[in-house]
Amino acid sequence: MSVVQRYRPDPGTAAQLNGGRPGRPAGDTAVSLSEISKVYGRGPNAVHAVDRLSLTVGQGEFVCIVGASGCGKSTLLSIVAGLDTPTAGQVDTGGRRVGIMFQEPALFPWLTARRNVELALRALKVPKEQRRRRATELLEAVHLGDFADKRPHELSGGMRQRVALARALAQEADVLLMDEPFGALDAMTRDLLHDELERICSQRSLSVLFVTHNVREAARLGDRVVLLSSRPGRVIEQYDVPRTGPRRIDSASVATLASQITDRLREEMRRHG
Amino acid sequence: MADTKTPASTRAGSQDTAIAGLDSLELAGFSTGRDRGRIARKTWTAAWPKVLAAGLVLGAWQLFYLSDFHGDTSTGLVKGPGAGLANLWDQLQHGQLWSAIGNTVRTAVVGYLLAMLIGSVIGAIVSRIPPLRAATGSIISGLQTMPSIAWFPFAIILFGTSESAILFVMVLGAAPSIANGLITGVDYTPPLLLRAGRTMGLRGVALYRHLILPASLPAYLAGLKQGWAFAWRSLMAGELLVIIVGNLSLGILLNNAQDNQDLTGAISIMIVILVIGIVVDTIFSKTDLAVRRRRGLLTDTQSV
């Protein structure tokens, strides 16, 4: 199997390319960013975190964003989540609900796993009688049914991240934004969570924007890997990964793509050196 | 590729087992609940420092008695711990001490609840409005450094020798600590939790109720505890300074003992005041421990 690499100076064609894949309606875009810029501060001290960045995520597509430090990855997610506003440019999520997961689980320590999930449902105004049942279902979906009454500090790091995933799913999000969600986990737990995440995303046909600086992780998970430049963040390269079958972090195809991306990333870093 | 040959269903099945196995491995050796056994041992661990403290005090008292400081033991003014405890026991048989305790505790509760209400409202308002916070922050800290006893002349002129004067000083002593506790708690709400709450769609009152207030609870409790200490001190000072005719209180009993040169009687009342203070302090400490245990903020040595 081979990895298709396309250099696309015009990201507007992304939807067209996505349309070629099986199981996804052609041209159906979940998130579209056009010419997004974000500047912090003003005058000579202004920092251009993101510069005229355009990107689309197709419905049900898993897009991984990779870049060196300072590529504005987190800024980008905050903008899509509506937690931050861009200095210029347009964000369009077509009215879809957006859920977000951080590197830290960010669970409320005074609530049990189930109550953490229930709170997200409550914020959505789900009636009280349904909350408990749905929270239990969601925790079972991440294999934590037996741990629903534990508080976050009684769970391991990987389990907390799964509660956080259940909570993000409870927000009935169609679009899931993930900011290095497995960055703080050990390799074995991360592998298992990759499988979990892949299964859940395809079951619910979620559109995912997944930020990481682990190139292998991106190659393992993404339908498409987007490489960003640093200071300011811009799309410099996109890699399509055809879905030909189950992938693992140690698959040959993943390794090949990862080394390609790493080479390109090094080239980008040298430009700054 | 090797991994494509495995049927998807088998893969998913083995993945579930792998996750469950990893979970149980990671939780092994993790104490998930409190130890229910070894109750006797835990009681002993909790009790011996208190027993030792009481023993040290009684020992010091006995030494003071034996040393015949100023020749007061010979004149019968200073009595030993045996006679002193007998005096306390005797007073506890009579209604007078109990009605004094009742009155004092009632004033304490009323004053403290008032301080709690006022302090919490001020804290909530000030933490919400940044300009107000800048302006009142130093006033609140200033009030805390002012010894509450200095307020009594002001209070007595304003309210006369009445319970209102005492309550006024108690509130002035305790409310700033309580307000400060709440403000600190709100200030230190982790920004990551705020981001998580906002993406969940928590806004306005809901954000306050489900996120900011619970997150501030430990700091608020610390403020409540400090507020209680100030309120209790102000109350004792007030009962000694503001003598309300016909209203029996611990302060009045202490005053009577002073007037009658009854050192042993004074010590008995002081022991009662000390015990009330320790009991309330224990309640606050236990609550604080419970809150921190729920949040996993305890290390193993603290959880005893």
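**Exercise 1. Determine how α9(B) and α10(B) cross and which residues bring them together.**

Solution. Begin with the handedness: in this predicted model, α9(B) passes α10(B) in a right-handed crossing. Next take the geometry, in which the two helices pack at an angle of about 165°, with their axes 11 Å apart. Since angles over 145 degrees count as roughly antiparallel, α9(B) is therefore roughly antiparallel to α10(B). Then look for the residues that make the contact: α9(B) supplies B:Leu193, B:Leu194 and B:Gly197, while α10(B) supplies B:Leu207, B:Leu211 and B:Ala215. Finally sort these residues by class, which gives five nonpolar, one polar and no charged.

A related point concerns helices in general. An α-helix has 3.6 residues a turn, so residues three or four places apart point the same way.

**Exercise 2. Describe the fold of chain B from its elements, its burial and its contacts.**

Solution. First count the elements, which come to twelve helices and zero strands in chain B, so that the pattern along the sequence reads α-α-α-α-α-α-α-α-α-α-α-α. Then consider burial, where 25% of the 304 residues of chain B count as buried. Last, consider how far apart the partners lie in sequence: of the contacts between residues at least 6 apart, 74% join residues at least 24 apart.

**Exercise 3. Find the buried residues of α11(B) and the helices against which they pack.**

Solution. Helix α11 of chain B covers residues 250-259, and the buried residues in this helix are B:Leu250, B:Gly251, B:Ile252, B:Leu253 and B:Leu254. From there, follow the packing outward, which leads to α5, α10 and α12 (263-294) of chain B. After α11(B) comes B:Gln261, whose phi is positive, near 55°.

**Exercise 4. Work out which parts of chain B touch chain A, and with what kinds of residue.**

Solution. Start with the two sides of the contact, to which chain B gives 31 residues and chain A gives 32 residues. On the side of chain B, the elements that give two or more residues are α1 (8-27), α9 (191-200) and α10 (204-241). Of these, α1(B) gives the most, with twelve residues. By class, this side of chain B has 15 nonpolar, seven polar and nine charged residues.

**Exercise 5. Compare the surroundings of A:Ala106 and A:Ser205, each of which has a positive phi.**

Solution. Take A:Ala106 to begin with, where phi is near 55° and the residue sits in the loop between β6 (98-101) and α3 (113-123) of chain A. A:Ala106 is buried, because 22 other C-beta atoms lie within 10 Å, and the cut-off for a buried residue is 20 or more. Turn then to A:Ser205, where phi is near 40° and the residue sits in the loop between α6 (187-203) and β8 (207-212) of chain A. With 13 C-beta neighbours inside 10 Å, A:Ser205 counts as partly exposed.

**Exercise 6. Decide where the confidence of the prediction is low in chain B and where it is high.**

Solution. For the model as a whole, the scores are ipTM 0.75 and pTM 0.76. Within chain B the mean pLDDT is 84, and 89% of the residues reach 70 or more. Among the elements of chain B, α1(B) has the lowest mean pLDDT (65), whereas helix α5 (residues 95-128) has the highest (93). Over residues 1-10 of chain B, pLDDT stays under 50, and for this stretch the model has eleven contacts beyond four places in sequence. When reading the contact with chain A, keep in mind that α1(B), which gives the most residues on the side of chain B, is also the element of chain B with the lowest mean pLDDT.

Definitions and conventions. Residues numbered from 1 in each chain as written. Chains lettered and ligands numbered in written order. Predicted model: local features only at pLDDT ≥ 70, side-chain atom pairs only at ≥ 80, totals over all residues. Helix = DSSP H or I, 4+ residues; strand = E, 2+ residues; numbered from the N terminus. Buried ≥ 20, exposed ≤ 12 C-beta atoms within 10 Å, placed from the backbone. Contact = placed C-beta atoms within 7 Å. Nonpolar A, V, L, I, M, F, W, Y, C, P; charged D, E, K, R; others polar. Axes fitted to C-alpha atoms, helices over the stretch in contact; angles between N-to-C directions. Parallel < 35°, antiparallel > 145°, perpendicular 65-115°, else oblique. Left-handed = near helix turned anticlockwise from the far one by under 90°. pLDDT = per-residue confidence, 0-100.
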